[in-house]
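Work through the exercises below with the model open. Each one has a task and a solution in steps.

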Amino acid sequence: ALADHVRIVEVGPRDGLQNEKSSISAETKIELVRRLAGTGLETIEAGSFVHPKWVPQMAASDRILSSILSSPPSSPHPITYQWLLPNVKGLDNYFKVMDNAGSAPHDYPTPPPSPTHDSGPALNTSSSDPNAVPSSTSGVDSMAQPRQSASNERNGHKHEVSIFLAATESFSKKNTNCTIQESLDRFAPLMADSRKAGYPVRAYISVALGCPFEGPDTDPHKVADLAVKLMEMGADEISVADTTGMGTAPATRKLLQTLRDAGVRNEDIAMHFHDTFGQALINTMISLDHGIRTFDSAVGGLGGCPYSPGATGNVATEDLVYTLHSLGAKTGVDLEEMSRIGDWITGEIGKGNGSSAGRATMSR
Ligand code: HMG
Ligand code: MG
């Protein structure tokens, strides 16, 4: 039996809902996050700060974050909330909400300027006054200031940043309107500012096991090369994503071996399987055998990707939990409660319940 703890990253509120055509109210999304927080999950990706014209469904993410900050969902233990963002504009929008909701905006000392910050005359601050703010006449262009946030902890819960790039040029262009190299260039300041503010960074690599535009044979060496670069840039975790669900057992094994050969450690990897071809749990088994202990999933099997035509949901959290528990692994997640949530949210958005284990649990 697999006695280990396996961490589940619930991405339903973000990956699960972002692709829904009918607009879902912010209240429903907030309710979803609240219910999920009560299931024993440790990590929830709750929204994204992307361009609302590109992904209209995520436009209410600021309200979801404000709600979590001002009245934290009750949970059996502290939750890590993750927020997906593509660029520094997203980070700015995110930090604005982090630092202005739920508490007075300036009730903490202004962080000291970074020692490497060197774009103008010395800031007019005194080390004896922790509340000193840069003088507006210091000549420092405010645009050049590092993006700041007081800390990533609020009310005992933690907040983290997720970023994403693609392993193929076609998908990169479609999803983020830039090349892979431009993504990496965008991430350098984004990651530096996130980490400076104390926010761990998760980095997704999309289309790692197949691309809707370039086919099933994504080069595993390209994925490994990107994973190494992202880790070197300061990523804390790489989520390796089978965006299209084209991944097979042999391809998954090969990819994981290639990542290992490139020096990427299992503890730095999460696997993110979409279940379009019904292979997600098989690929999960391969990954468990390889030593991976973090998996992404969405309650009710919600999900898809707006730029991956035909992609269906992430592997359902209920199915993942059922499989993991059958192997003796500990997830901390209450399957019955998760199944109730899957049934509720898929009904709420007018979809069939996409989880076999969820449907079976509900009909017991
Ligand atoms: P762009 O049009 O090239 O952006 O989009 P730009 O930098 O040229 O800016 C154009 C305008 O957008 C400007 O406004 C910016 O301010 C604004 P204007 O001056 O014209 O008024 N803007 C923003 N507004 C709000 N939030 C922002 C933002 N950035 C710029 N963050 C961009 C480039 C990356 C922004 C766009 O392509 C985008 O938002 N893409 C997001 C796509 C997305 O969310 N995809 C789904 C998530 S990834 C996924 O699902 C895969 C994953 O699950 C893993 C897997 O399964 O593969 C993670
Ligand atoms: Mg995804």
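The exercises treat a ligand shell and two helix pairs in this predicted model.

**Exercise 1.** Which residues come nearest to ligand 1, and which elements supply the shell around ligand 1?

Solution.
- Start with the 26 residues around ligand 1: H51, G90, S206, A241 and T243 come nearest.
- Next, assign elements: α4 (88-100), α5 (169-176) and β6 (201-206) each give at least two residues to the shell. The largest share, three residues, is from α4.
- Last, sort by class: the shell has 13 polar, 11 nonpolar and two charged residues.

**Exercise 2.** Classify how α7 packs against α8, and list the contact residues.

Solution.
- Take the geometry: α7 (residues 220-233) and α8 (residues 249-261) have axes 9 Å apart, at an angle of about 40 degrees.
- Angles under 35 degrees would count as roughly parallel and 65 to 115 as roughly perpendicular, so α7 is oblique to α8.
- The crossing is right-handed.
- On α7 the contact uses P220, H221, V223, A224 and A227; on α8 it uses K254, L255, T258 and L259.
- By class, this contact has six nonpolar, two polar and one charged residues.

**Exercise 3.** Repeat the analysis for α10 and α11.

Solution.
- The axes of α10 (residues 317-326) and α11 (residues 335-348) come within 9 Å and cross at roughly 160 degrees.
- Angles over 145 degrees count as roughly antiparallel, so α10 is roughly antiparallel to α11.
- This crossing is left-handed.
- T317, E318, V321, Y322 and H325 of α10 meet L335, M338, S339 and G342 of α11.
- The classes here are four nonpolar, four polar and one charged.

Methods. Residues numbered from 1 in each chain as written. Chains lettered and ligands numbered in written order. Predicted model: local features only at pLDDT ≥ 70, side-chain atom pairs only at ≥ 80, totals over all residues. Near = placed C-beta within 6 Å. Helix = DSSP H or I, 4+ residues; strand = E, 2+ residues; numbered from the N terminus. Nonpolar A, V, L, I, M, F, W, Y, C, P; charged D, E, K, R; others polar. Axes fitted to C-alpha atoms, helices over the stretch in contact; angles between N-to-C directions. Left-handed = near helix turned anticlockwise from the far one by under 90°. Contact = placed C-beta atoms within 7 Å.
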